[in-house]
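The following exercises concern a predicted model. Each task is followed by a solution that proceeds step by step.

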Amino acid sequence: MKHELSVMMFSWEFPPRVIGGISPHVFFLSKSLAKNGVKVYVVTCDFPGAPAHEVIDGVDVYRIDSYKNPAPDFATWVYLMNLNMQREAAAIANKLGDKIDVFHAHDWLVATAGIGLKHVFRKPLLVTMHSTEMGRRDGLHTDTEKMIHETEAWLTYEAWKVICCSDYMVSHVKWAFGLPEDKLVMVPNGVNTNVYESIEKEDLKPFRAKFALPEEKIVLYVGRLVYEKGIHILINAVPKVLEKVDAKFIIVGSGYMKDQLSNIVRSMRLGHKVLFLGFVDDETLLRLQKCADISVVPSLFEPFGIVALEAMAAKSPVVVSDTGGLSEIVDHNFTGVKVYPNNPDSLAWGITKILLDENYKNYIRENAYKKVQEKYDWEKIAQQTKRIYEAVLGEYSKSFWA
Amino acid sequence: MVGRLAEYINALSSQLVKNKVETHVVTYHDFLTGAVEEASGVKVVRVANPVRTHIGVLTWDLTLNQEVERAAASIYYQANKQIDLIDVYDWHFIPAAVTLKSALGVPFVYSVESLEDHRSPPADTPYSMSIKSIEWLGFYEAKKVGVKSEWMRNEVARIYNVPKEKIEVVAPNANSWVKKVLELYKTVAGGLSSQ
C-alpha cells in the first residue's frame, strides 16, 4: 500500500530553540502540513531540556547533537553541525525504510546535510530561502561572506524547487544566484492569529502600566538590534515624533548595536522615553503587541517581514519602510503606512500620522487584520506547499532516480 | 599529489583489480573532474568543490564531502547497490564514509596514514580539536581500522581508546601486503548485519 506523502525537513532552529524567523516558520508549517495529511519529520539542533525525539501534533521532531564537534568559528560550526545532522538524519531515514519522499531544507545553515542526503538517498530536495548573505550584509565583503553566498548558490542549484516567501525574495534570489524563472515559487510566510485571540478578553491595563504612563502612546519595535533592521533610523526619529505626540518607545530584541543605540538615546537625554527590553518571552511579547498603539518595522533589508504580519494579527497598526517583503504585506493607507527606507523624517511622519488620528488608526488595523486572515493563513500555506511537493514528485517519478 | 598517499592508493588499487576486486577510487581534483578508467582497470571519479571561497581547510573539506557522497552514491546505485565496503584514508572523507554507512549500510575501514596529534602537536587549538573530533568519529563508526605499523596501532589505541582487536596492521613493505589487505576487507565485507 502506498504510504502518505512524507517529507523530512531540516532546520537549524525549532522551538524551544528560537534564534530568528525560521523556527516559528518551520513549527507552524510542519504542523499545518501534518493536518493536511503530510507526514513530516523535522530534523533540527538540540536545545537544553528539549527531548531528542518527540511528536508534536503529528510532527516527528528529532533534535541532533549540534555541539559534538568543537569549532573554531561560526561558519565552521555550521558545517560541522551539518555533519552530525546528516549522519543522524541518514540513520533515521534508513530506519524508516523507503518512506521519505522529499527533503526540504531551510536556508544555507542546513545546506550540506540536505545536499548530501539528496544524493545518498536519491530523493528530491527542496529549499526555502528565507534570506541571503548578500542581502544580510548588503554585498559580499569577506571570505566568510563569499563562502556562505557560494554555499547558498550551490544549495539553490541542487534544489528541485526554490521557495521564497515574497515576490521581492523571488526576484532577489533569481538575481543573486542566476536561477531560471521556473525553479522559483512564492509561498507567503504565515501568522497564527489564534494566539492573539486567546488574550482578547484579558484586561491589559495593569500590564501596560508596567511599561508606559497612561497618557503615553506605545510605539513598539520588535527585532534584532542590527543594521539591516534599521533600528537606528527609528532612534533618530524619536525626537521628531516627541515634538508632536507623547509616546514611549519600547524596543524588544537584542544585537550588536545595542550599546551604540542606548548611548545615542542617553546623549539625546531621552532615556525615559526609550525602553530597551532585550529578548522577552512569548507571553510578554504577545501582550506588548496587543497593547502597542503602533508597531514600527524600519528595516533596510527585509526578505519577508513577519514582525509586521504579527502586529497586524494583534490588531496593532503598522508603519513599515517601503522595501522588500514589507512592500507587499502592507498596502499604503489601507493596511498600514509605508515610509521611505533609511529616512527618519519620513518614519516620524508615518508614526505621527497614525497616532494623531484615531479613526484612521482603526480603519488601518481592521483592514490589516482581514488581510492577514485571508492571505497569510497557515492552512492555505500548507496546502500550497503540499501541492509543490506533489508537483515535484510527479516530475521526479519520470526521472531515472525514481 | 600532495603527499605519498596518491602513490600508495595507485599501487593498492591496481593490485586489488589484479586480485579481481572491483575497485572505484573517489578523489579530489580542482578541474580534472569526472569519471575515467585507468589502464590498470581501476575506475576513478574526481570531484571538485562547488564552493570556491573558503576560510580554512575544514570548511573546504566539509563541503567537498557532499560531492564525494554524490560520486560514491552514484557508484553504489550503478552497481545495483552491490558495494561491499568503503576504505577511507585519513580524516578528510570520514564525513562521507559515515553518512554512506548510516544511509546505505555500507561498512567502512578507516585506514590511518597519520593523526592530528602527530601532525600538529599539541593539537589543542579549536581547529585541531575539530579535526580530532572527526578522527574520533571515524574510529567510532569504522568496522575496522587499518594502520601501517605496530607503533601506529598503539597510538590509535592510546589516543582514541580504540580496542586493539579493531585495529589491523597492514605493512605496505611486507610481501604479504595485498594478501593482508584482502583479509582485512573480508572481515569487513558483508554488510552491517554480520557485525
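**Exercise 1. A helix and its span**

Task: Determine whether the end-to-end distance of H5(A) agrees or disagrees with the span to be anticipated from its residues.

Solution. Step one: the expected span is 1.5 Å times one less than the number of residues. Step two: H5(A) has 16 residues, so its span should be 22 Å. Step three: the C-alpha atoms at the two ends of H5(A) lie 22 Å apart, in agreement with that expectation.
Step four turns to the surroundings of H5(A). A residue counts as buried if 20 or more other C-beta atoms lie within 10 Å of its own. Buried residues of H5(A) include Met147(A), Ile148(A), His149(A), Trp154(A) and Leu155(A); Glu150(A), Glu152(A) and Glu158(A) are buried as well.

**Exercise 2. The contact between the chains**

Task: State how many residues each chain brings to the contact, and which helix of chain A gives the most to its side.

Solution. Step one: chain A contributes 30 residues and chain B contributes 29 residues. Step two: on the side of chain A that touches chain B, helices H2 (74-95), H3 (111-121) and H5 (143-158) each supply at least two residues. Step three: H2(A) gives the most, with 11 residues. Step four: by class, this side of chain A comprises 15 nonpolar, nine polar and six charged residues.

**Exercise 3. An open sheet in chain A**

Task: Which strands stand at the edges of the sheet, and why is one side of each left without a neighbour?

Solution. Step one: the six strands of this open sheet follow the order E11-E10-E9-E12-E13-E14 (chain A), with parallel pairing. Step two: strands E11 (274-278) and E14 (337-339) of chain A are at the edges; each has a single partner strand, so one side of each lacks a neighbour in the sheet. Step three: from one strand to the next, the twist averages 20 degrees. Step four: three bridges link E13 (residues 318-321) of chain A with E14(A) in the parallel sense, and Val320(A) stands opposite Lys338(A) in E14(A).

**Exercise 4. Strand E5 of chain B**

Task: Identify the strands that pair with E5(B) and the directions of its side chains.

Solution. Step one: E4 (residues 86-89) of chain B runs parallel to E5 (residues 108-111) of chain B, joined by four bridges. In these, Asp87(B) has Val109(B) as its bridge partner, and Tyr89(B) has Ser111(B). Step two: E4(B), helix H3 (residues 94-104) of chain B and E5(B) form a right-handed β-α-β unit. Step three: E5(B) also pairs in the parallel sense with E6 (residues 144-147) of chain B over three bridges, where Ser111(B) stands opposite Gly146(B). Step four: Phe108(B) and Tyr110(B) point one way from E5(B), Val109(B) and Ser111(B) the other way, and all are buried.

Conventions:
Residues numbered from 1 in each chain as written. Chains lettered and ligands numbered in written order. Predicted model: local features only at pLDDT ≥ 70, side-chain atom pairs only at ≥ 80, totals over all residues. Contact = placed C-beta atoms within 7 Å. Nonpolar A, V, L, I, M, F, W, Y, C, P; charged D, E, K, R; others polar. Buried ≥ 20, exposed ≤ 12 C-beta atoms within 10 Å, placed from the backbone. Pairing = 2+ DSSP bridges. Right-handed = clockwise from strand over helix to strand, strands pointing away. Axes fitted to C-alpha atoms, helices over the stretch in contact; angles between N-to-C directions.
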